[in-house]
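This briefing looks at how two parts of one protein chain meet. Please keep the sequence and the structure in view while reading the points that follow.

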Amino acid sequence: MKVVSIVGARPQLVKLAPIAAAFAETTHHHVIVHTGQHYDADLSDVFFSGLGIPRPDVHLGIGSGSHGEQTGRILAALDPVFAAQRPDWVLVYGDTNSTLAGAVAAVKMHLPVAHLEAGLRSFNRRMPEEHNRVLTDHAADLLLAPTEEAMGHLRAEGLGSRATLVGDVMVDVCQRVRDRVHADGEPPTGLPEGVDPRSPYLLCTLHRAENTDDPRRLAALVAALAALPVPVALLAHPRLVGRAAEQGLKLEQGAIRVGRPLPYAEMVRAVLGSVGVVTDSGGLQKEAYLLGRPCTTLRAETEWVETLHDDWNRLVADPAALGADAWAETATRRAPTAPQGTPYGDGHAARRVVRVLTGSDSTKE
Ligand code: UD1
């Protein structure tokens, strides 16, 4: 059997790692197509090398553009790839423009499509990711859901018969890397200059379009981060750097120390070394939860509602509305004592995905 994985953006490479490893345990043929949506070494190459992912078989080199341009270019570029590969399944990941383009290109060629991380919903139709998820779920033939919550959303949209609960493949990779990081016991490296890894710091990322693209909103969020009472290690995504420059906004102010995005293992190390995480990333909310660090999410809603239980994650859409003291207290609060539970599965989701796709238990183990 031949399965073609379509990936393009950083979070998809993290999810690809355990899937590629699970396919490598079988005799099935797994083909990796990289759309090139992310092309910076920090956002792409280091994930292949760091997570031991085989080099992509096909690289489309699409790059950046408006949503229409980027999605359309990927869609057109996939036609000849699918015609040549004739896969038994096309596997798309998450909620990016690469996901939607992969799903649409495949259904138009009558190729079966499976969606990994199906059923997530923010119910915020202003997010590009929400359109991408909803449209991909409704186009796909097989919906691989990470959580019971996601299964519920799929059933509510009449998609229950195509859905199956496999767990979250990010648990597979996060636990494996966490164990390696614990075993070597090294302190975090690659933090922004001015952040001492032995003193308390908050780890921060900010890249969602709804936070970066509105100048007033971005300025307010940066001011709130700058006012925090501990150093804020801001690992700046190129979108954030670009938008801040366009808006004439200085990121390095007050408590904020600006650095570059980190490779996956360094990110896990940086979360473990921190007193907490402040982010708008879906993946990082979950990683904070899995690694036992409190998270403050700079959004009004989250797809990963399980992280909100027992105060492991708090939603703060508008830090200024909280008031300075409550905001500082929230961002620097201690980790809850309640255990996190295992709503995201047992760390063997990728093998389950491969078994569901191939319809057999053909792993060599
Ligand atoms: C994309 C996903 C988002 C995901 C994120 C992870 C969509 C709609 N959004 O957002 O869901 O959370 O990836 O990082 O697919 N850029 C570079 N170098 C790169 C890539 C991007 O400089 O390698 C800059 C460009 O200016 C580009 C901007 O970042 O225009 C945004 O990139 P894009 O791929 O459009 O979306 P992301 O914000 O990365």
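Between domain 1 and domain 2 of this predicted model, the count of salt bridges is four. One pair that forms such a bridge is Asp 42 with Arg 260, whose closest N and O atoms lie 2.9 Å apart. The two domains also share five residue pairs in polar contact, counted where both residues have pLDDT 80 or more.

**Which parts of domain 1 face domain 2**
- Helix H1 (10–24), helix H2 (45–50) and helix H5 (128–139) each supply at least two residues of the side of domain 1 that touches domain 2.
- The largest share of that side comes from H2, which supplies three residues.
- Sorted by class, the side of domain 1 that touches domain 2 has nine charged residues, eight nonpolar residues and five polar residues.

**How the two domains are laid out**
- The domain assignment places residues 2–168 together with 345–357 in domain 1, and it gives residues 178–331 as domain 2.
- The centres of domain 1 and domain 2, taken over C-alpha atoms, are separated by 26 Å.

**How much the domains cover of each other**
- In domain 1, 22 residues are in contact with 18 residues of domain 2.
- Together the two domains bury about 1,700 Å² between them, and 57% of this area is on carbon and sulfur atoms.
- Of the area that domain 1 buries against domain 2, 25% is supplied by Arg 10, Asp 42 and Met 127, which is more than any other three residues supply.
- Asp 42 therefore deserves a second look in the structure, as a residue that forms a salt bridge with Arg 260.

Key
Residues numbered from 1 in each chain as written. Predicted model: local features only at pLDDT ≥ 70, side-chain atom pairs only at ≥ 80, totals over all residues. Heavy atoms only, no water. Domains from an automatic or database assignment. Contact = heavy atoms within 4.5 Å. Buried area = accessible area lost by both parts, 1.4 Å probe. Salt bridge = Lys/Arg side-chain N within 4 Å of Asp/Glu carboxyl O. Polar contact = N/O pair within 3.5 Å; in protein donor to acceptor, adjacent residues only side chain to side chain. Helix = DSSP H or I, 4+ residues; strand = E, 2+ residues; numbered from the N terminus. Nonpolar A, V, L, I, M, F, W, Y, C, P; charged D, E, K, R; others polar.
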